[in-house]
Amino acid sequence: MKILAIETSCDETAAAVVEDGTRIISNAVASSKEIHEKYGGIVPEMAAREQLKYIIPVITEALPGLSGSDLEIPNGLTPLRTVVNKTIDAIAVTVGPGLIGSLLVGVETAKTIAFVTGKPIIPVNHVLAHVYANFVSSSSEGQNSSRAQSRDNLLTIEFPAISLVVSGGHTELYLMESMKKLRWLGGTLDDAAGEAFDKTARLLGFGAQGGPAIEHTALKFRVKSSKFRVSLPRPMIGDESLNFSFSGLKTAVMREWIKYPQPSKEVINAFAHEIQEAITDVLVEKTLRASRQHNVRSILLSGGVAANTRLREKFRVKNSAFRVFVPPPALCTDNAVYIASCAHFLGKPQDWRKIAAVPDLSVEKNIS
Ligand code: KG4
Ligand code: ZN
């Protein structure tokens with residue numbers, strides 16, 4: 001079964017085709033990040049306006065057999081109908097949570113494709129979908145070997161598993177009893193881990209891409225030789241619950257940072273290093289605690305923050321009891337591949353008339 005998925009919940013415009021929930025046939029992503037850079041954060045109206053420009057080229061790129069101006073008005077519907085009817089079994093689309101203007105671009109496009117082709121359409125919760133980036137693999141090695149690789153992914157991840165979703169808006173821990181059975185265990189009480197990276201990065205003077213900027217700058221800090229040290233709290237690290245809180249960390253950074261009106265490079269590097277250490281310490285500790293409590297075999301990481309090299313490294317170094325799985329960085333950040341995979345494993349097709357964008361869609365707590 002081949003699913004064409006569309007994802008436009010934040011500043012990315014993405015479309016992908018995935019077969020049987022595991023094999024990536026195509027993956028197209030366009031981002032408007034650079035436009036937001038000078039504003040220090042994503043400007044929702046600008047993101048949606050760019051998505052209107054990108055959505056047709058991105059779908060054209062993702063659909064095998066379509067090219068160039070095939071989808072242009074007034075004749076675009078005929079090639080679209082032909083290609084979708086020949087190659088695609090269902091459409092999936094992110095319906096929330098996300099920015100309303102952005103979500104609408106993807107949702108209305110997906111509904112139109114479902115309407116003109118008569119294909120089933122499956123609404124997807126973006127946060128939960130991140131988890132499924134762990135079950136897909138690319139077709140670059142050729143069809144047969146990639147099929148085997150996808151099957152291997154499914155077989156090597158042993159259940160039960162703990163799944164940590166760490167993105168710009170969410171920090172959630174799930175107990176996964178199978179591919180189709182998940183229970184929410186805890187999440188952030190205030191800011192998400194990605195938000196903590198982004199907000200503290202802004203304090204340090206970086207632009208909109210906070211997480212990667214902190215990671216890059218932290219690498220320049222020389223732990224042994226630097227005379228400068230900054231010390232930050234690890235919020236809720238000792239707390240028995242599986243919840244997180246990162247807003248206090250942001251305040252702590254602010255309180256320390258104002259002591260240095262003209263920070264040297266060494267000071268900036270030390271702050272970046274300590275921010276990254278504080279956030280990743282908490283994420284690792286809580287995830288390992290959840291894994292011990294629930295006696296699991298595997299840990300699955302996903303979401304934009306899972307692209308962080310230091311986080312990946314700490315899971316390897318600080319733990320030998322569980323097998324840790326992390327998607328390649330390009331599948332951690334937003335794309336439509338995991339939307340298609342989640343739709344395959346969990347999705348329920350609906351009448352296109354009933355599909356609507358839900359910006360504040362809540363985290364699903366029990367999936368069985
Ligand atoms: O999953 P994602 O692409 O979008 C949301 O669903 O939110 O996650 C974006 C978040 C941003 O906060 C970004 O700063 C963070 O992921 N991020 C990183 C890294 N790459 C992206 N955080 C730390 N280190 C990274 N390398
Ligand atoms: Zn995301």
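This report describes a predicted model of a protein chain with its ligands, beginning with confidence and moving on to the zinc ion, ligand 1, a long stretch of helix and three single residues.

**Confidence**

Over the protein chain the pLDDT averages 92, and 94% of the residues score at least 70. An exception to bear in mind is the stretch of residues 140–146, where pLDDT stays under 50 and for which the model has five contacts beyond four places in sequence. Where pLDDT is low, the predicted coordinates should not be read in detail.

**The zinc ion and its donors**

The zinc ion (ligand 2) has three protein donors, namely H126 through NE2, H130 through NE2 and D334 through OD, and these lie 2.0 to 2.1 Å from the ion. Along the chain the donors follow the spacing H-x3-H-x203-D. The two histidines, H126 and H130, both belong to helix α5 (residues 126–130), where they are four residues apart, or about one turn of the helix. An α-helix has 3.6 residues a turn, so residues three or four places apart point the same way. Both H126 and H130 are buried.

**Ligand 1**

Ligand 1 is surrounded by 19 residues, of which the closest are G168, D198, G211, E215 and G304. Three side chains that make polar contacts with ligand 1 are set out below, and H130, already met as a donor of the zinc ion, is one of them.

| Side chain | Atom of ligand 1 | Distance |
|---|---|---|
| H130 | oxygen | 3.1 Å |
| D198 | oxygen | 2.6 Å |
| E215 | nitrogen | 2.6 Å |

H130 therefore has a part in two descriptions, since its NE2 is a donor of the zinc ion and a polar atom of its side chain lies 3.1 Å from an oxygen atom of ligand 1, with the cut-off for a polar contact being 3.5 Å between N or O atoms.

**Helix α10**

Helix α10 (residues 265–293) has 29 residues and spans 42 Å from its first C-alpha to its last, which is close to the 42 Å expected at 1.5 Å a residue. Because 23 of its 29 residues are buried, α10 is largely enclosed by the rest of the structure. After the helix comes N295, which has a positive phi, near 50°.

**Three residues in their surroundings**

N308 is placed in the loop between β10 (298–302) and α11 (309–317), and its relative accessibility of 5% means that N308 counts as buried. Apart from neighbours within four places in sequence, N308 is in contact with F197, E215, Q276 and T280; of these, E215 also has a side-chain N or O atom 2.6 Å from a nitrogen atom of ligand 1.

A336 sits in the loop between α12 (329–332) and α13 (337–346), and with a relative accessible area of 0% A336 is buried. Not counting residues up to four places away in sequence, A336 touches A5, I6, E7, A14, A15 and A16. The C-alpha atoms of A336 and T94 are 8.6 Å apart in space, although 242 residues separate the two in sequence.

S247 lies in helix α9 (residues 247–257) and is partly exposed, with a relative accessible area of 22%. Setting aside residues up to four places away in sequence, S247 touches D190 and D191. S247 and T117 are 130 residues apart along the chain, and their C-alpha atoms are separated by 46 Å.

How values were computed: Residues are numbered from 1 along each chain as its sequence is written. Chains are lettered from A and ligands numbered from 1 in the order in which they are written. This is a predicted model: local features need pLDDT of at least 70, side-chain atom pairs count only at pLDDT 80 or more; totals for chains, interfaces and linings use all residues. Side-chain values use heavy atoms; hydrogens and water are left out. The expected span of a helix is 1.5 Å times one less than its number of residues. Buried means under 20% relative accessible area, exposed over 50%, partly exposed in between (1.4 Å probe, protein chains only). Donors are N, O and S atoms within 2.8 Å of the metal (3.2 Å for Na, K and Ca); water is not among the atoms, so sites may look incomplete. pLDDT is the predictor's confidence in each residue, from 0 to 100. Contact means heavy atoms within 4.5 Å. A residue is near a molecule or strand if one of its heavy atoms lies within 4 Å of it.
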